[in-house]
Amino acid sequence: MFHHSSKMQFPVRVEKPDPEFAMLLQQAIGGVEGEIRVAMQYFFQAMGARGDARIRDLLMSTATEELGHIEMLAYAVALNLEGAPLSYQEASAKDPVVNAILGGMNPRHILSSGLAAMPVNANGMPFDMSHIYASGNVAADMLANVTAEATGRVLATRLYNMTEDKGMKDFLSFLIARDTMHQQQWLAVIEDMGGLNASLPIPNSFPQENEATEHSYYCLNTSLDKPLPKGRWSEGPSYDGKGQFTAKEKPEILGDEPLLGPARPGSGAQNEQISGSVPPAGTVK
């Protein structure tokens, strides 16, 4: 059971409505970096969580907070659409500049939602849940969550820099701060489980004797015209403490050429593909 408060987590105000900024805010709702993504990701991780019930409860609580952020952003979109012209005639009658603003907004904010937010990104594409990561492995999910919060925070900072509206800056500053906390809390879960070193490699439950460990810790150069960039990844102890990073400038080619056998009859291939016949050398022009 979920409960809802009629009051928002943080004040959302718009001093000067901006329909074009409303379109940009949609990315924070229905974009791959947006709040629908993290809310659903945390919900499904929580609903599939096994083991430490504290982590399940933290995921569920944060997922619910993200639903509140969706509501806040939807309100911000609606406030930015206040007074938006509903027709080109109306816009032109007021001012040509307003007409230009109408040209910069998402027309679906008029046609589909009646000047309200939608579950879409800034291009008007619906969020399709393809970026929901809930693996059932807590360490893998926590790293995915840090990435989700990091890209969400990048988006929020870009939106912050794209508006001069004081109310919107205050609101986005709040969302940026919550993204900071959520990045930190997911990293703290990993630390609570013994730290990143203890969690690696993920899953750490896989028997390492079943892994071809001679290939586990070298960094491979596949560039034909540049040497391998040197760094922490190419020398020194691995993060899990079970190996030593090395560098290989020239890959060892261990496999064979990937040649397939003849095509099956009835597969729609040519007779030559089915028979496997090869023309004599020099006959192909």
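In which helix is H69 found? I would like to begin there, because this is a predicted model and a single residue is an easy way into it. H69 is found in helix α3, which covers residues 53-80. With a relative accessible area of 1%, H69 counts as buried, since the limit for that word is under 20%.

Let me now say where the interest in this residue comes from. The UniProt record, in an unreviewed entry, places the feature "binding site" at E35, H69, E149 and H182. These positions are spread over 148 residues of sequence, and yet they cluster in space, with a largest C-alpha distance of 13.2 Å. Two of the set, E35 and E149, also belong to the lining of the largest cavity, and I will come back to that cavity in a moment.

First, though, the surroundings of H69 and E35. Leaving aside residues up to four places away in sequence, H69 touches Q9, E35, F174, L175, R178 and H182, and among these E35 and H182 are also named in the UniProt feature. E35 lies in helix α2, which runs over residues 35-47. Its relative accessible area is 7%, so E35 is buried as well, given that the limit is under 20%. Under that exclusion of residues up to four places away in sequence, the contacts of E35 are A28, I29, E66, H69, I70, L73 and L175. L175 therefore appears in the contact list of E35 and in that of H69, where a contact means heavy atoms within 4.5 Å.

Now to the cavity itself. How many cavities of 30 Å³ or more are there in this model? The count comes to 1, and the volume of the largest cavity is about 120 Å³. Its lining is made up of 15 residues, and those closest to its centre are E33, G34, E35, G152 and D179. Helices α2, α7 (138-161) and α8 (166-192) each supply at least two residues of this lining, and α7 gives the most, with 6 residues. Divided by character, the residues of the lining are 8 nonpolar, 2 polar and 5 charged.

Finally, a word on the chain as a whole. The domain assignment gives domain 1 as residues 19-198 and domain 2 as residues 208-248, and the C-alpha centres of these two domains lie 37 Å apart.

To close, the picture I would leave you with is centred on E35, which UniProt lists under "binding site", which is buried, which touches H69, and which is among the residues closest to the centre of the largest cavity.

Note on methods:
Residues numbered from 1 in each chain as written. Predicted model: local features only at pLDDT ≥ 70, side-chain atom pairs only at ≥ 80, totals over all residues. Heavy atoms only, no water. UniProt positions renumbered as here; feature names shortened; annotations may be inferred. 1 Å grid on protein atoms, 1.4 Å probe; cavity = no way out; pocket = protein on both sides within 12 Å on 5 of 7 lines; lining within 4 Å. Helix = DSSP H or I, 4+ residues; strand = E, 2+ residues; numbered from the N terminus. Buried < 20%, exposed > 50% of the residue type's maximum accessible area, 1.4 Å probe, protein only. Domains from an automatic or database assignment. Points joined across faces, edges and corners; volume = space filled by probe spheres on them. Nonpolar A, V, L, I, M, F, W, Y, C, P; charged D, E, K, R; others polar.
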